[in-house]
Protein chains: 2
Amino acid sequence: MNIREFSSRTGISAHTLRYYEKIGLLRHIHRLPNGHRDFTEKDLHWVTFVQRLKDTGMPLEQIHRYADLREMGDTTLAERQRLLEAHARNLRESLRQQQRHLDSLEDKIALYRSAIKRGRFP
Amino acid sequence: MNIREFSSRTGISAHTLRYYEKIGLLRHIHRLPNGHRDFTEKDLHWVTFVQRLKDTGMPLEQIHRYADLREMGDTTLAERQRLLEAHARNLRESLRQQQRHLDSLEDKIALYRSAIKRGRFP
DNA sequence: ACTTGACTTAGAGTCAACTCGAACCCTTAG
DNA sequence: CTAAGGGTTCGAGTTGACTCTAAGTCAAGT
């Protein structure tokens, strides 16, 4: 598929897709004879995974590292697993922290609610 | 307390604290006769709240807006409440999304685990 | 034949949120 | 008296992740 369709399927702008290729997050993108990119389902699958890593706060540089490992073949399976496990641990910790923040915000909102009901600030 | 102690109590660098004052996140910071900032417990409380908003993804500009409302007194209570409630809703949604991402990552890690056990990739 | 529009590249510009540097002022210890 | 160490201001520089521009190619439609 062309960059337009790939862009609309992934929600990533064509500009950003080219940028991702330039910095090495996307590799071996097939080209048509006219030089246009021709993305595959496999590319879609990889990009979806990249988005997941990115959305959970992994910097592009570390995703790049993962892409490197992937490129090196099955001898790096264990290292990729370690990388993902470390990331999952961070994510779990971050979720706990965000939950604490949310609880605390909800407490504050409850204070606002009762302050407004009583017509003044606590 | 001086900027050094305030910095170490909040975990925010002195540089950043001055920056926060410059952009209006910190206001009415008391000064000693020599011009040095003299932070109070109230400042600490406010900064802690600002950190919570920031850590849960609120842009500084919106925190600034909240600071404006706060400055305007009790007539803005309802609006501040709405602002916090909208933020809490976003945060709950983001937590759900992050949890889905985590589940998906854990699935992938499980695949790695079994691939490594079998000595090859799925 | 020409225009339209999707694509290409290299490289510059933007934005949020810091982060740092330079030049300077005060107070206190030796 | 002076040097160290903490503070001050203003403004410039950095970082990560885009985002856009300019100049060009190419294929299809009128």
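This is a conversation about a predicted model of two protein chains and two DNA strands.

Visitor: Which ground rules come with the numbers?
Guide: Residues are numbered from 1 along each chain as its sequence is written, while chains are lettered from A and ligands numbered from 1 in the order in which they are written. Side-chain values use heavy atoms, leaving out hydrogens and water, and in this predicted model local features need pLDDT of at least 70, side-chain atom pairs count only at pLDDT 80 or more, and totals for chains, interfaces and linings use all residues.

Visitor: Let's begin with the DNA. How many residues surround DNA strand C?
Guide: A residue is near a strand if one of its heavy atoms lies within 4 Å of it. The closest ones to DNA strand C are A:Arg4, A:Arg18, A:Arg37, B:His15 and B:Tyr20. The residues of this surface divide into 5 nonpolar, 5 polar and 6 charged (Ala, Val, Leu, Ile, Met, Phe, Trp, Tyr, Cys and Pro count as nonpolar, Asp, Glu, Lys and Arg as charged, and the others, Gly among them, as polar). The number surrounding DNA strand C is 16 residues.

Visitor: Which helix gives the most to the surface near DNA strand C?
Guide: Helices here are DSSP runs (H or I, at least four residues), numbered from the N terminus, and strands would be E runs of at least two. Helices H1 (3-10) and H2 (14-22) of chain A and helix H2 (14-22) of chain B each supply at least two residues. With 4 residues, the one that gives the most is H2(B).

Visitor: How far is the side chain of B:Tyr20 from a phosphate oxygen of DNA strand C?
Guide: Of the strand C atoms within 4 Å of the protein, 74% belong to sugar or phosphate. A polar side-chain atom of A:Asn2 lies 3.2 Å from a phosphate oxygen of this strand, and for the side chain of A:Arg31 the value is 3.4 Å. For an N or O atom in the side chain of B:Tyr20, it is 2.7 Å.

Visitor: And on the other strand, how far is A:Tyr20 from a phosphate oxygen of DNA strand D?
Guide: The closest residues to DNA strand D are A:His15, A:Tyr20, B:Arg4, B:Arg18 and B:Arg37. Sugar and phosphate make up 70% of the strand D atoms that come within 4 Å of the protein. A polar backbone atom of B:Arg4 is 3.1 Å from a phosphate oxygen, and a polar side-chain atom of B:Arg18 lies 2.9 Å from one. For a polar side-chain atom of A:Tyr20, the distance is 2.6 Å.

Visitor: Which helix gives the most to the surface near DNA strand D?
Guide: H2 of chain A, along with helix H1 (3-10) and H2 of chain B, each supply at least two residues. The one that gives the most, with 4 residues, is H2(A).

Visitor: Now the two chains. How much area do chain B and chain A bury between them?
Guide: Buried area is the accessible area (1.4 Å probe) that two parts lose on being put together, summed over both. The contact, meaning heavy atoms within 4.5 Å, takes 32 residues from chain B and 32 residues from chain A. Carbon and sulfur atoms carry 68% of the buried area, which totals about 3200 Å².

Visitor: Which element gives the most to the side of chain B that touches chain A?
Guide: There are 4 salt bridges across this interface (a side-chain nitrogen of Lys or Arg within 4 Å of a carboxyl oxygen of Asp or Glu), including one between B:Arg92 and A:Glu106 at 2.3 Å, N to O. Helix H3 (41-55) and helix H5 (77-117) of chain B each give two or more residues to this side. With 23 residues, the one that gives the most is H5(B).

Visitor: Within chain A, which residue forms a salt bridge with A:Glu79?
Guide: The domain assignment, which is automatic or from a database, gives domain 1 (1-71) and domain 2 (77-122) of chain A. The two domains bury about 790 Å² between them, and A:Thr56, A:Tyr66 and A:Leu69 supply 55% of the area on the domain 1 side, more than any other three residues. The count between these domains is 1 salt bridge. The closest N and O atoms are 2.5 Å apart in the salt bridge of A:Glu79 with A:Arg65.

Technical notes
Polar contact = N/O pair within 3.5 Å; in protein donor to acceptor, adjacent residues only side chain to side chain.
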